[in-house]
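Biologist: Could you pick one part of this model and take me through it closely? I'd like a bit of background on the whole chain too, so that I know where I am.

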Amino acid sequence: MEQNKKTIFSGMQPTGAITLGNYLGALKNWTTLQEEYNCLYCIVDMHAITVRQNPAELRKNARNLLIQYIAAGLDPTKNIIYYQSQVSGHAELGWILNCFTYMGELNRMTQFKDKSKKHADNINAGLYTYPALMAADILLFNTDLVPVGHDQKQHLELTRDIAMRFNTIYGDTFTIPDPYIGKVGAKIMDLQEPTNKMSKSAEDKNATILLTDKPDEILKKFKRAVTDNFANIKYDVENQPGISNLISIYSAITNKTYDEIENEFAGKGYGDFKVEVAQAVIETLKPIQQKYDELQKDKAYIDNIIKENTEKANYKAQKILRKVQKKIGFPPIIR
């Protein structure tokens, strides 16, 4: 990784396939960052276990997510793509930062409140303190910029507060990360509940398009997409959220403006438009799915990428971790 480039860090939980919303809203844009920045893309499997996981599925999902990253265009020779659980510095720095994070700050985290409601039978300490681990994820690599959605802004602010607190006590140690404000990706909504963001955790499988969905599945889901009774193809989020979402998807894929799309489909019905959107999505995902299938068959290649990227991530992490350990008074390792 080049020294004169700024560092970007981002992570995604291995809870299933990447959605069309993830791809159009973030991942598609990430592929352009690898030329300008040093990028680390982490599969945050340690965060995933704050909710009970099936071990075999977690391992499978983590590997599949890594392969989807590469299939979607992230070059593993230009980016560091790795498993969080295989870089021990995350856990080690996470514990240290726990000791510099106040309970009052954790009590204000809205995601803890939301997840506690969803998993009332498993409100564990990890669920409560994982913002400190998230801070460690970012600070472990002297990260300059973090791409964040609206739901993660609070965590990045906490990360900045923890870093500044530590620097005030021990001197200049951590880089203070800023949010990455790049090209705004399309905000893709749920196909069945178009006022909600598209999510892989949606209970209705027809609500979400996955990068691994087969063409007939994609067509079926778009045909079932909720629209409205206005019967005109017009971008109007407030009054026509369903059709507006379909227009947004079509625009993100074809690069056509909303006005161009409205003119193109003037006088046509929702059924015709749904099929056109589905076909555009199918064609966009086809090369990604072909690459994904090829990579799945090349176990040795993927294993080598995992090995090399883990070594790179560990090397970078240990440099910061040793610096932090020395500052707080841990004894040096004698080799």
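Modeller: What follows is some background on the chain, then a close look at a set of paired strands and their surroundings.

First, a caution: this is a predicted model, so local features need pLDDT of at least 70 and side-chain atom pairs 80 or more, while totals for chains, interfaces and linings use all residues. Numbering starts from 1 along each chain as its sequence is written, and side-chain values use heavy atoms, leaving out hydrogens and water.

Now the background. The chain has 13 helices and five strands (DSSP runs numbered from the N terminus: H or I of at least four residues, E of at least two). Its C-alpha trace spans about 75 × 45 × 40 Å along the principal axes. Of the 335 residues, 47% are buried (under 20% relative accessible area; over 50% is exposed, in between is partly exposed; 1.4 Å probe, protein chains only). Take the contacts (heavy atoms within 4.5 Å) between residues at least 6 apart in sequence: 76% of them join residues at least 24 apart.

Let's zoom in on strand β1, which covers residues 7–12 and has five of its six residues buried. β1 runs parallel to strand β2, residues 38–43, and six bridges join the two (strands pair when DSSP finds at least two bridges). One place to look is Phe 9, whose bridge partner in β2 is Leu 40. Helix α1, residues 20–33, belongs to this arrangement as well: together with β1 and β2 it makes a right-handed β-α-β unit (strands pointing away from you, the path over the helix runs clockwise).

A good residue to click on here is Ser 10, which sits in β1. Ser 10 counts as buried because its relative accessible area is 6%. If you ignore residues up to four places away in sequence, Ser 10 touches Leu 40, Tyr 41 and Cys 42, plus Trp 30 and Pro 147. Leu 40, then, turns up twice: as a contact of Ser 10 and as the bridge partner of Phe 9.

Follow β2 onward and you reach strand β3, which pairs with β2 in the parallel sense over five bridges. Cys 42, one of the residues that Ser 10 touches, stands opposite Tyr 82 of β3. β3 is largely enclosed by the rest of the structure, since five of its five residues are buried. Asn 79, Ile 81 and Tyr 83 point one way from this strand, Ile 80 and Tyr 82 point the other way, and all of them are buried.

Just ahead of β3 is one more spot to check out. Pro 76 falls in the loop between α3 (55–71) and β3 (79–83). Although Pro 76 is in a loop, it counts as buried because its relative accessibility is 8%. Which residues does Pro 76 touch, not counting those up to four places away in sequence? They are Ile 70 and Ile 81, together with Tyr 301, Ile 305, Asn 309 and Lys 312. Ile 81 takes us straight back to β3, where it points the same way as Asn 79 and Tyr 83. As for the far end of the numbering, the C-alpha atoms of Pro 76 and Glu 308 are separated by 9.2 Å, with their positions 232 residues apart along the chain.
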